[in-house]
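User: I am learning to read protein models. Can you take me through the reasoning behind the labels people use?

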Amino acid sequence: MSKKIWVHAEVADGKIANVTYELLSKAYDLAGEMGDGTEVEATLVGSGLEEEAGHLARFGAKKIYLADDSKLKLYSPVIYAPILADLAAANSPEIYIFGATATGSALGPAVAARLKTGMAAHCVNLLLDERKQLKALVPSFGGKVIGEILCPSKLPQMASVKPGIFVKKDPVPMPKRVEKVDLGVYEKLFDAKGLEAVGVVRRPPEGLPLNEAQVVLCGGYGIGSQENWNTLEKLAHLLGGATASTRPAVDEGWTGEHNMVGTSGQSIRPKVYIGFGISGATHHICGMNESGVVISVNRDEESPIFQVSDFLVQGDVNVILPALLEAVKSEME
Ligand SMILES: Cc1cc2nc3c(=O)[nH]c(=O)nc-3n(C[C@H](O)[C@H](O)[C@H](O)COP(=O)(O)OP(=O)(O)OC[C@H]3O[C@@H](n4cnc5c(N)ncnc54)[C@H](O)[C@@H]3O)c2cc1C
């Protein structure tokens with residue numbers, strides 16, 4: 001029997017989330033490297049998803065395991081995890097990949113625990129080692145090294161990857177082949193009271209969504225103050241762009257977590273990324289290193305961010321940021 005790489009298809013507002021297509025594209029490449037007719041398959045849980053399953057086939061999923069029921073409309077780990085774990089136990093995929101999203105980050109480990117296997121979370125790349133086993137790359141030790149996570153003695157080898165890390169490629173269409181999951185055995189779980197999802201409330205986006213901005217101004221710990229952060233916001237607004245941040249800028253309370261970039265934040269690919277007071281830790285770099293032109297302002301000439309920058313500005317943010325704002329303002333007058 002040929003080996004299988006599984007991707008769990010995430011659903012948002014009744015549609016397959018983009019991260020799923022990114023993961024399918026990567027899974028397809030890995031399947032090619034594994035050889036021996038390795039197939040890509042997908043799991044899909046929700047309500048009224050028959051049509052959406054067709055999109056997964058168009059993106060290379062040879063088979064889709066579909067658990068579809070009105071009671072599965074809203075994500076609940078209590079019901080989703082046993083369904084997916086039972087499916088994996090019955091079909092033995094070699095690799096099982098989830099999006100490192102809010103739901104995928106909870107669901108993946110819950111499935112892994114049931115299968116008594118391991119899961120590499122928030123990976124920045126997925127490779128195969130010389131034995132064609134999964135080698136998941138995860139920043140470690142504060143982002144100073146990239147750890148290689150292997151799971152050599154348990155199957156499936158599981159991993160989660162954030163949206164935006166892999167590129168959604170042109171689909172490799174497959175005929176739609178859906179296997180409906182028999183949900184009869186889960187009736188008791190459906191009826192059990194306990195953790196129950198009752199609705200979804202989405203926070204409205206503030207300003208231009210980060211992943212759509214062509215110009216991103218990113219502030220790090222070196223920004224130094226709320227006042228400087230506000231200047232960064234004004235500058236981004238004038239340039240028609242968006243602001244992004246590193247973890248310390250969030251921790252300082254200058255901005256919210258919604259626009260953090262990196263392993264625990266978003267992955268972005270703007271045409272222009274300008275970083276102010278950012279050291280260049282791997283946890284951050286892995287979320288912005290696909291940007292077009294990278295310009296960095298840092299007072300330390302040996303800062304690692306300079307190694308991934310096209311233009312380096314060695315200087316003090318306290319001087320450069322207000323001067324830049326004034327220069328852009330006067331240019332626009
Ligand atoms: C599990 C885990 C997940 C993480 N996920 C993320 C993530 O998703 N995103 C993320 O960003 N981080 C993440 N981190 C944190 C990450 O490891 C780094 O600590 C962080 O990216 C460093 O942010 P920074 O560059 O703003 O701060 P610092 O490393 O403190 O760098 C500040 C820089 O500013 C410069 N500077 C200081 N003052 C000035 C000035 N006046 N003018 C000019 N330059 C100045 C300094 O020279 C220095 O280079 C994570 C950490 C862990 C452990």
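User: What makes the pair of valine 138 and serine 140 a polar contact?

Analyst: This is a predicted model, and the distance comes from its atoms. The backbone oxygen of valine 138 lies 3.1 Å from a polar atom of the serine 140 side chain. The cut-off for a polar contact is 3.5 Å between N or O atoms, so 3.1 Å falls within it. Serine 140 itself is part of strand β9.

User: Which residues does serine 140 contact, leaving aside neighbours within four places in sequence?

Analyst: Val145 and Gly147. Contact here means heavy atoms within 4.5 Å.

User: Why is threonine 231 called buried?

Analyst: Its relative accessibility is 12%. Buried means under 20%, so threonine 231 qualifies. Threonine 231 sits in helix α6, residues 226–238. Beyond its neighbours within four places in sequence, threonine 231 touches Leu321, Pro322 and Leu325.

User: Why does valine 181 count as buried?

Analyst: The value for valine 181 is 16%. That is under the 20% limit, so the label is buried. Valine 181 lies in the loop between β12 (178–180) and α5 (187–191).

User: What is in contact with valine 181, apart from neighbours within four places in sequence?

Analyst: Tyr65, Leu66, Ala67, Ile83 and Leu87. Leucine 84 is 97 residues from valine 181 along the chain, yet their C-alpha atoms are separated by 9.8 Å.

User: Why is lysine 116 called exposed, and why is lysine 132 called partly exposed?

Analyst: Set each value against the limits. Lysine 116 has 62% relative accessibility. Exposed means over 50%, so lysine 116 is exposed. Lysine 132 has 40%. Partly exposed lies between under 20% and over 50%, so lysine 132 is partly exposed.

User: What is the phi of each of these two lysines, and where do they lie?

Analyst: Lysine 116 has a positive phi of about 55 degrees. Lysine 116 is in the loop between α4 (104–115) and β7 (119–123). Lysine 132 also has a positive phi, about 65 degrees. Its place is the loop between β8 (125–128) and β9 (134–140). Neither lysine 116 nor lysine 132 is a glycine. Most residues other than glycine have a negative phi.

User: Is the peptide bond from leucine 155 to proline 156 cis or trans?

Analyst: It is cis, with omega near -5 degrees. Most peptide bonds are trans. Proline 156 is found in the loop between β10 (145–149) and β11 (157–161).

User: How do you know that domain 1 and domain 2 touch?

Analyst: Domain 1 covers 4–191 and domain 2 covers 210–332. In all, 13 residues of domain 1 are in contact with eleven residues of domain 2. Contact requires heavy atoms within 4.5 Å, so these residues meet that test. The domain centres, taken over C-alpha atoms, are 33 Å apart.

User: What kind of interface do domain 1 and domain 2 share?

Analyst: About 860 Å² is buried between them, with 54% of it on carbon and sulfur atoms. On the side of domain 1 that touches domain 2, seven residues are nonpolar, four polar and two charged.

User: How many salt bridges and polar contacts link domain 1 and domain 2?

Analyst: The rule finds zero salt bridges across the interface. A salt bridge needs a side-chain nitrogen of Lys or Arg within 4 Å of a carboxyl oxygen of Asp or Glu. For polar contacts between domain 1 and domain 2, the count is three residue pairs, both residues at pLDDT 80 or more.

How values were computed. Residues numbered from 1 in each chain as written. Predicted model: local features only at pLDDT ≥ 70, side-chain atom pairs only at ≥ 80, totals over all residues. Heavy atoms only, no water. Domains from an automatic or database assignment. Buried area = accessible area lost by both parts, 1.4 Å probe. Polar contact = N/O pair within 3.5 Å; in protein donor to acceptor, adjacent residues only side chain to side chain. Nonpolar A, V, L, I, M, F, W, Y, C, P; charged D, E, K, R; others polar. Helix = DSSP H or I, 4+ residues; strand = E, 2+ residues; numbered from the N terminus. Buried < 20%, exposed > 50% of the residue type's maximum accessible area, 1.4 Å probe, protein only.
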